[in-house]
Amino acid sequence: MSPFGEPVPKRNESGGPRGWTIFTETFQMNNYQLTDIISFVAVETASKKVHENSDIDRDLRWTGDDFDELMEKYAQRYQVDMSSYLWYFHHAEEGNNFGSAFFRAPNELVEHIPVTPKLLFEFAQKGKWDLDYPEHTLPKRRYDLIANGVFWLVLLLIMIWYFIVRRWL
């Protein structure tokens, strides 16, 4: 019995009352070396001149889907929680975005923040992507992608008219 006359619940292995789960935030410091991260980036980007402050997007010209794949491999290899990672601060999208001629893509709406081996090393040590992004707002819809879709649809209709309908006339 508690001092208030209530029954005291039994504790489970995690230290919480029965049926409860206790969540505690832990930070694991890993023993990676900066040279490990530099070597990883050099191999993945096929670059010979990788330094601790090399901007992977702008200096190594590794962007778009290639950058995404690099970050996925990084997260998996160094066990980094990437749940707070926002790609559009760090690199552009893959391919041509015709719609961005009329509507800005997300990476064009924010200031570029370089991802460097030194930054990757810091977050590998922490085990999580721990970057404080500046305040920003993005449109609810990707109008640049909608414009891309309209462009390709119009092009397809022109091709259908030119190659099929025109021959029947």
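**Notebook: ring cluster, three helices, two loop residues**

I looked up the aromatic rings and found Tyr 32, Phe 40, Tyr 74 and Tyr 78 linked by ring pairs into a cluster. A pair here means rings of Phe, Tyr or Trp (its six-membered ring) with centres within 6.5 Å. The structure holds eight aromatic pairs.

I note that the model is predicted, with local features needing pLDDT of at least 70 and side-chain atom pairs pLDDT 80 or more, while totals for chains, interfaces and linings use all residues. Residues are numbered from 1 along each chain as its sequence is written, and side-chain values use heavy atoms, without hydrogens and water.

**Helix α1**

I checked the length of α1 (helices are DSSP runs of H or I, at least four residues, numbered from the N terminus). Its twelve residues should span 16 Å at 1.5 Å a residue, and the end C-alpha atoms are 17 Å apart, which agrees. The expected span is 1.5 Å times one less than the number of residues.

I then listed its buried residues (under 20% relative accessible area, 1.4 Å probe, protein chains only). They are Ile 37, Ile 38, Phe 40, Val 41, Ala 42 and Thr 45. Their cover includes α2 and α3. Ala 46 follows α1 and has a positive phi, near 55 degrees.

**Helix α3**

I did the same for α3, residues 117–126. Pro 117, Leu 119, Leu 120, Phe 123, Ala 124 and Gln 125 are its buried residues. These pack against α1 and α2. Gly 127 comes after α3, with a positive phi near 85 degrees.

**Asp 57**

I found Asp 57 in the loop between α1 (34–45) and α2 (64–78). Which side chain of opposite charge is nearest to Asp 57? It is Arg 58, 4.1 Å away, and buried Asp 57 has no salt bridge. A salt bridge needs a side-chain nitrogen of Lys or Arg within 4 Å of a carboxyl oxygen of Asp or Glu.

I did find a polar contact, at 2.9 Å, between the side chains of Asp 57 and Thr 63. The term covers N or O atom pairs within 3.5 Å, one able to donate a hydrogen and the other to accept it within protein; sequence neighbours count only if both atoms are side-chain atoms. Leaving out residues up to four places away in sequence, Asp 57 touches residues including Trp 62, Phe 67, His 90 and His 112. Contact means heavy atoms within 4.5 Å.

**Leu 60**

I located Leu 60 in the loop between α1 and α2. Leu 60 counts as buried because its relative accessibility is 12%. Among the residues it touches, beyond four places in sequence, are Val 41 and Thr 45.

Methods: Helices (H or I, at least four residues) and strands (E, at least two) are DSSP runs, numbered from the N terminus. Buried means under 20% relative accessible area, exposed over 50%, partly exposed in between (1.4 Å probe, protein chains only). Lys and Arg count as positive and Asp and Glu as negative; His and the chain ends are not counted. Rings of Phe, Tyr and Trp (its six-membered ring) pair if their centres lie within 6.5 Å; planes under 30 degrees apart count as stacked, over 60 as edge-to-face and the rest as tilted.
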